[in-house]
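Got a structure open and wondering how the labels get handed out? Let's go through it by asking why each word was chosen.

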Amino acid sequence: RADLAMYQAKAAGRNTLRFFDPEMQAVVNARAMLEADLRMGLMRNQFLLYYQPHVDEEGRMTGAEALLRWQHPRRGLLTPADFIPLAEDTGLILPLGQWVLKTACAQLAAWSTQPKTANLTLAVNISPRQLRHPDFVIQVLAVLNQTGADPHKLKLELTESMLMDNVEDLIVKMTALKAEGVGFALDDFGTNYSSLTYLKRLPLDQLKIDRSIVRDILTDTGDATIARTIVTLAQSMGLNVIAEGVETREQREFLAQMSCHAFQGYFFGRPAPKEEFGLTHQTPKEPNGLPDKLSQQ
Ligand code: C2E
Ligand code: MG
Ligand code: MG
Ligand code: MG
C-alpha cells in the first residue's frame, strides 16, 4: 500500500511537472483556445466550403469535391490540417461534418436547377468518427431529404484508415446508402497499407490515386508503377479511378496513357468558394495550369 501511494504520488508529480513545463503549457493552452474557437466558429457560421473541379479526359467538368475552410476571426483562412485533427479528437467533427454535408447537399440541389451545372456530382469527405456514429445513415438520408439533392450525384469519400476497425458495420452502412444511390470513393489510395480482402468486400465506386503518388509520377518509377497498378486494380474490380493533385499537363498525359481518365488538381482548377467556382475552370492552355489569382490558398 505504501508502495502504491508512493507510486501514485510520483505519477501525479510527473503529471504536475508536465504542466509547469512552459512549452508543454503553451501547447495545452493553444489547444484549449482552438477548441473554444471551434465551438464559437460553429455558432457564428465561420466555416465555408470551397469546391474543386473533377474533369474528364476532354477537360470537361463532371463534378467537384467540397473542401472545408474556416474563416478564423484572428488567424485568417484556415485549411483542414489546422483544425480537423482537433475537431476529430473533441467530437466537434460531428456537428461540423453535419454542417458540411448539409451545405454541400444544398449546393448540389442548387446546381441541379441550372442547365450548365445540372449534371455535376459532388464529393464530400467523411471523417472516421462521423462514419462510426450509429446514426450516420439516417443523418445522410435526412440531409438528402431536406435539401432535395439527388443521392446519385452525391459521393462520400472515405480513407483507408477507416476501413480497418469494424468492417461489418461499415458494409451495412455503405450498403444502406448505396441502395439510395449514394456513391463511395476511397480517398488517398495507395499511401497506406491496404488489405485487398477488405477492398473487395466494400461496395465502393471509385479509387482516388493519392496526390503524393501523382506528384512524383514522372520522376519516380516506383510511383509510376503504383499508379499503373491502382488503375489496373480498379479496372479489374469494376471501379472508377480518379487521380488527385494533377498539377501539370505532363502528369495528366502520363495518367491518361495508363487509362486514368478522371482528374482533379491545380492544373484544372484550385479549390474556390462557390461564387468563384467554375470561373477557375476552363480547359487549360498553358502547361503550368491556370493563374491562381482567384485562389486564396
Ligand atoms: P483530400 O480529401 O485528399 O483533398 C484533396 C486535398 O488536396 C485538398 O487539400 C486540396 O486542396 C489539395 N489539392 C487538390 N489539388 C491539388 C494539387 O494539384 N496540388 C496540391 N499540392 N494539392 C492539391 P485541403 O483542402 O487542404 O484538404 C486536406 C484534407 O482535409 C482533405 O484531403 C480531406 O482529407 C480533409 N478535408 C477537407 N474537407 C473536409 C471535410 O469537409 N470533412 C472532413 N472530415 N475532412 C475534410
Ligand atoms: Mg477527399
Ligand atoms: Mg485525397
Ligand atoms: Mg513518392
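Q: This is a predicted model, so let's start with the metals. What makes the two magnesium ions, ligand 2 and ligand 3, a linked pair?
A: They sit 4.2 Å apart, and Asp 187 coordinates both of them.

Q: How do you know which residues are protein donors of the magnesium ion (ligand 2)?
A: A donor has to be an N, O or S atom within 2.8 Å of the metal. Glu 65 (OE), Asn 125 (OD1), Glu 157 (OE) and Asp 187 (OD) lie 2.0 to 2.2 Å from the ion, so they count as donors under that cut-off. Along the chain, their spacing reads E-x59-N-x31-E-x29-D.

Q: What makes Asn 125 and Glu 157 a pair that ties parts of the chain together?
A: Asn 125 belongs to strand S4 (residues 121-125) and Glu 157 to strand S5 (residues 154-159), so the pair joins parts that are 32 residues apart in sequence.

Q: Why is Glu 157 called what it is, buried or exposed?
A: Buried means under 20% relative accessible area. Glu 157 has 1%, so buried is the word for it.

Q: And what about Asn 125: buried, exposed or partly exposed?
A: Partly exposed is the label between under 20% and over 50%. Asn 125 comes in at 30%, so it's partly exposed.

Q: Which protein donors does the magnesium ion (ligand 3) have?
A: They are Asp 187 (OD), Asp 188 (OD), Glu 244 (OE) and Glu 244 (OE), lying 2.0 to 2.4 Å from the ion. Glu 244 is listed twice there, each time with OE. The donor residues are spaced D-D-x55-E in sequence. Asp 188 is in strand S6, while Glu 244 is in the loop between strand S8 (240-243) and helix H11 (249-257), so this pair links distant parts of the chain, 56 residues apart.

Q: Why do Asp 188 and Glu 244 get the burial labels they do?
A: Asp 188 has 27% relative accessibility, so it counts as partly exposed. Glu 244 has 9%, so it counts as buried.

Q: What makes something in here a cavity, and how many are there of 30 Å³ or more?
A: A cavity is a set of points where a 1.4 Å probe fits but cannot get out. There are 2 cavities of 30 Å³ or more. The largest has a volume of about 90 Å³, and the second largest about 40 Å³.

Q: How do you know which helices supply at least two residues each to the lining of the largest cavity?
A: Lining residues have an atom within 4 Å of a cavity point. Among those of the largest cavity are Pro 128, Arg 132, Val 167 and Lys 173. Helix H5 (128-132) and helix H7 (167-179) each supply at least two, and H7 gives the most, with 4 residues. By class, this lining has 6 nonpolar, 1 polar and 4 charged residues.

Q: And what lines the second largest cavity?
A: Its lining includes Glu 160, Phe 189, Ser 194 and Tyr 198. Strand S6 (183-189) and helix H8 (196-201) each supply at least two residues. The classes here are 6 nonpolar, 2 polar and 1 charged.

Q: Zooming out, what does the protein chain look like in numbers?
A: It has 11 helices and 9 strands. Buried residues make up 44% of its 297 residues. The chain exposes about 15,600 Å², with carbon and sulfur atoms supplying 54% of it.

Conventions: Residues are numbered from 1 along each chain as its sequence is written. Chains are lettered from A and ligands numbered from 1 in the order in which they are written. This is a predicted model: local features need pLDDT of at least 70, side-chain atom pairs count only at pLDDT 80 or more; totals for chains, interfaces and linings use all residues. Side-chain values use heavy atoms; hydrogens and water are left out. On a 1 Å grid over the protein atoms alone, a cavity is a set of points where a 1.4 Å probe fits but cannot get out, and a pocket is an open set with protein on both sides within 12 Å along at least five of seven lines; lining residues have an atom within 4 Å of a point. Grid points are joined across faces, edges and corners, and a volume is the space filled by probe spheres set on the points. Ala, Val, Leu, Ile, Met, Phe, Trp, Tyr, Cys and Pro count as nonpolar, Asp, Glu, Lys and Arg as charged, and the others, Gly among them, as polar. Buried means under 20% relative accessible area, exposed over 50%, partly exposed in between (1.4 Å probe, protein chains only). Accessible areas come from the Shrake-Rupley method with a 1.4 Å probe; for residues, only the protein chains shown count as cover. Donors are N, O and S atoms within 2.8 Å of the metal (3.2 Å for Na, K and Ca); water is not among the atoms, so sites may look incomplete.
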